[in-house]
Amino acid sequence: MLLNSSFLLSNISSPYTLSACHTTQSFPRQKSTFQCCLAATLQDKRVREQKVNILHYEDNMKRRSLLFFLITSGISPAFPAFGKTKSKNPYDERRLLEQNKRIQRENNAPEEFPSFIREGFTVKVVTPDNYEKRDSGLILRDFSVGEGDCPKDGQQVTFHYIGYNESGRRIDSTYIQGSPAKIRMGTKALVPGFEEGIRDMRPGGKRRIIIPPELGPPVGPSTFFSSKQFEVFDVELLDVQDCKRRTIGFYSDVVCN
């Protein structure tokens, strides 16, 4: 007695599973029954694959027809975005560096002036190796060290300076004004980066100070600076003087000598 082929097909768990085709007794035509079962299973698999291919083909044709309609009708189709991280292109960095140098030459910036490469809110400062960068973010270079003691809080410092913006344009100069600046240390009369930069200078020393925005002056319509930028100062420390308070009657002041 042969097993019904429909019963075999309905109990096959995978295309190559023949566990449902076995019998408990030995029949003369058992071998042909298994062959028939395997042939039917393979044929059913081919039919399913053909149906899947037809569905894929129809789906692709629908997508192509929709895309063709959108393009011919002037509607821009929205393609999925994969959120790729923009990588820095060395060519773009070199181009920005050359552009910065060209602007600095037009502004007559001094020699070995630092370059600033801006990409959105990120700024990269490019300097020669003889510049020092501190943990606070301050960058400086000494042209001459000078002699004597460094200024302390309460002492008065006398210095010349020239201020530049990132493009190398001069924004202020005590040399042009004709008189040096005089400031007492520790009175918050200077921006934090400037005071940090001259605190360890010695009289006669010359230094270039690159002040980051976080150590720079406040910005706004009521101030001299209109945006958060790096500021560059060439400073020459002339003198350091001790100061003491003098009181005459009801009048009191500070005298430095």
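**Buried core, aromatic pairs and hairpins**

In the predicted model, Phe194 is buried, with a relative accessible area of 5%. Phe194 belongs to the largest nonpolar core, a set of 19 residues in which Val157, Phe159, Tyr161, Phe194, Ile198, Ile211 and Val235 touch the most other members. Several elements contribute to this core, with at least two residues each from strand E5, strand E7 (181–184), helix H5, strand E8 (206–211) and strand E9 (231–241). Strand E9 provides the largest share, namely 4 residues. When neighbours within four places in sequence are set aside, the contacts of Val235 include Phe159, Tyr161, Phe194 and Ile198, together with His160, Met201 and Gly205; Lys206, Arg207 and Ile209 are also in contact with Val235. Apart from this core there is a second, separate one of 9 residues, among them Phe116, Tyr131, Ile162 and Ile210. In soluble globular proteins, nonpolar side chains tend to be buried together.

Aromatic pairs were then considered, and a search of the whole structure finds 7 of them. One of these is formed by Phe113 and Tyr164, whose rings adopt an edge-to-face arrangement with 5.5 Å from centre to centre and 70° between the planes. This pair links distant parts of the chain, since Phe113 lies in the loop between helix H3 (90–106) and strand E1 (115–119), whereas Tyr164 is in strand E5 (residues 156–164), 51 residues apart. Phe113 has a relative accessibility of 2% and therefore counts as buried, and Tyr164, with a relative accessible area of 8%, is likewise buried. Another aromatic pair is that of Phe159 and Phe194, which is tilted, with 5.4 Å centre to centre and 40° between the planes. Because Phe159 lies in strand E5 and Phe194 in helix H5 (residues 192–199), the pair ties together parts that are 35 residues apart in sequence. Phe159 counts as buried, its relative accessibility being 2%. Ring pairs further link Phe159 and Phe194 with Tyr161 and Phe233 into a cluster, and of the cluster residues, Phe159, Tyr161 and Phe194 are listed among the core members that touch the most others.

Two hairpins were examined in the strand pairing. Strand E1 runs antiparallel to strand E2 (residues 122–126), the two being joined by 5 bridges, and within this pairing Ile117 has Lys124 of E2 as its bridge partner. The hairpin of E1 and E2 has 2 residues between the strands, and Gly120 takes a positive phi near 70° there. The other hairpin consists of strand E10 (residues 243–248) and strand E11 (residues 251–256), which pair in the antiparallel sense over 6 bridges. Here the bridge partner of Thr247 is Ser252 in E11, and Gly249 adopts a positive phi near 65° in a hairpin that has 2 residues between its strands.

The hairpin of E10 and E11 also carries a covalent link, for the count of disulfides in the model comes to 1, and this disulfide is formed by Cys243 and Cys256, with their sulfur atoms 1.8 Å apart. The link of Cys243 and Cys256 is right-handed, with 105° about the S-S bond. Cys243 lies in strand E10 and Cys256 in strand E11, 13 residues apart. Cys243 has a relative accessible area of 22% and is therefore partly exposed, in contrast to Phe194, which is buried at 5%.

How values were computed. Residues numbered from 1 in each chain as written. Predicted model: local features only at pLDDT ≥ 70, side-chain atom pairs only at ≥ 80, totals over all residues. Heavy atoms only, no water. Pairing = 2+ DSSP bridges. Phe/Tyr/Trp six-rings, centres within 6.5 Å; stacked < 30°, edge-to-face > 60°. Buried < 20%, exposed > 50% of the residue type's maximum accessible area, 1.4 Å probe, protein only. Core = buried A, V, L, I, M, F, W, Y, C linked by side-chain atoms within 4.5 Å. Contact = heavy atoms within 4.5 Å. Disulfide = S-S within 2.5 Å.
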